[in-house]
Amino acid sequence: TKSAGLTDEMVTETFHDAKEARLKILDKMAEAIAHPRPDLSPYAPRIISFKINPEKIVIVIGPGGKMINEIIDATGVEIDIEDDGTVMVTSAKAEALNQAVDRIKLLTKEAKIGEVYDGEVVKLMDFGAFVEIFSGTDGLIHISKMGMGKGRVNKVTDVLKTGDKVQVKVLEITPEGKINLGLLKKL
């Protein structure tokens, strides 16, 4: 810029005028809407971004894109998944957006040590029972963890049978990703 022709007074006056204009604009905006709306307009697009374990991307996509397309068809959202596990769900409808996010989070849910889950016994073995704690994830209740505080269990079938609904607690997750459970109660 050619600032040799600007005096200090001119610069000061310009900043003063700009401040007054900005304050007038803010006053007009406050007259139109005093505070932000509690929710977006029903016509405004929405986006939710969250992270999943990159190893679970294949579950969300499904064979040949079946799972992701099923979610898109059922909810009408757009879904983008990055290689690092970033998932972006876009929709103009808040309810559809939330449904899609819930479905993705359910598919990619991971067990955590100390958490309690309601599950179903899916397989019995001599050494314990496998319980599905949520879709696609099961853990083992070793026979030594079936007593529920009542002592030793001699046979798995004395306590559980396939199809039983049970409440279990995650005791351990091995480095290989196997989940060891403790039986809290039958439901």
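In this predicted model, 16 residues line the largest pocket, and T137, D138, G177, K178 and I179 are the ones that lie nearest its centre. The space inside the largest pocket comes to about 270 Å³. Sorted by class, its lining holds six nonpolar, five polar and five charged residues. Three strands each supply at least two residues of this lining: strand 5 (128–134), strand 6 (137–142) and strand 8 (179–186). Of the elements that line the largest pocket, strand 6 gives the most, with four residues.

A good place to begin a closer look is T137, one of the residues nearest the centre of the largest pocket. T137 belongs to strand 6. With a relative accessible area of 14%, T137 falls under the 20% limit and is therefore buried. When residues up to four places away in sequence are not counted, T137 touches K109, V131, E132 and I179. Among these partners, I179 is itself listed with the residues nearest the pocket centre.

A second residue of strand 6 is G139. The relative accessible area of G139 is 1%, so this glycine is buried as well. Its contacts, again without residues up to four places away in sequence, are A129, F130, V131, I179 and L181. V131 and I179 thus appear in the list for G139, and they also appear in the list for T137. For a sense of distance across the fold, G139 and K51 are 88 residues apart in sequence, and their C-alpha atoms are 24 Å apart in space.

Just before strand 6 the chain passes through a loop that joins it to strand 5, and G136 lies in this loop. Is G136 buried or exposed? Its relative accessible area is 70%, over the 50% limit, so G136 is exposed. The C-alpha atoms of G136 and L107 are separated by 7.8 Å, although these residues are 29 residues apart along the chain.

Another loop runs between strand 6 and strand 7 (165–173), and G163 is found there. G163 has a relative accessibility of 31%, and so counts as partly exposed. Apart from neighbours within four places in sequence, G163 is in contact with E120 and V121. Between the C-alpha atoms of G163 and D84, which are 79 residues apart along the chain, the separation is 37 Å.

Stepping back to the whole chain, the protein has four helices and eight strands. Read from the N terminus on, these elements follow the order α-β-α-α-β-β-α-β-β-β-β-β. The radius of gyration is 29 Å, well over the 16 Å that the globule rule gives for 187 residues, so the protein is more spread out than a compact globule. Taken along the principal axes, the box filled by the C-alpha atoms is roughly 95 × 35 × 35 Å.

The remaining totals complete this picture. Of the 187 residues in the protein, 30% are buried. The accessible surface comes to about 13,000 Å², and carbon and sulfur atoms account for 55% of this surface. Among contacts in the protein with a separation of 6 or more, 53% are between residues 24 or more positions apart.

Conventions:
Residues numbered from 1 in each chain as written. Predicted model: local features only at pLDDT ≥ 70, side-chain atom pairs only at ≥ 80, totals over all residues. Heavy atoms only, no water. 1 Å grid on protein atoms, 1.4 Å probe; cavity = no way out; pocket = protein on both sides within 12 Å on 5 of 7 lines; lining within 4 Å. Points joined across faces, edges and corners; volume = space filled by probe spheres on them. Nonpolar A, V, L, I, M, F, W, Y, C, P; charged D, E, K, R; others polar. Buried < 20%, exposed > 50% of the residue type's maximum accessible area, 1.4 Å probe, protein only. Contact = heavy atoms within 4.5 Å. Rg over C-alpha atoms; globule rule 2.2 N^0.38 Å. Areas by Shrake-Rupley, 256 points an atom, 1.4 Å probe, with all protein chains shown as cover.
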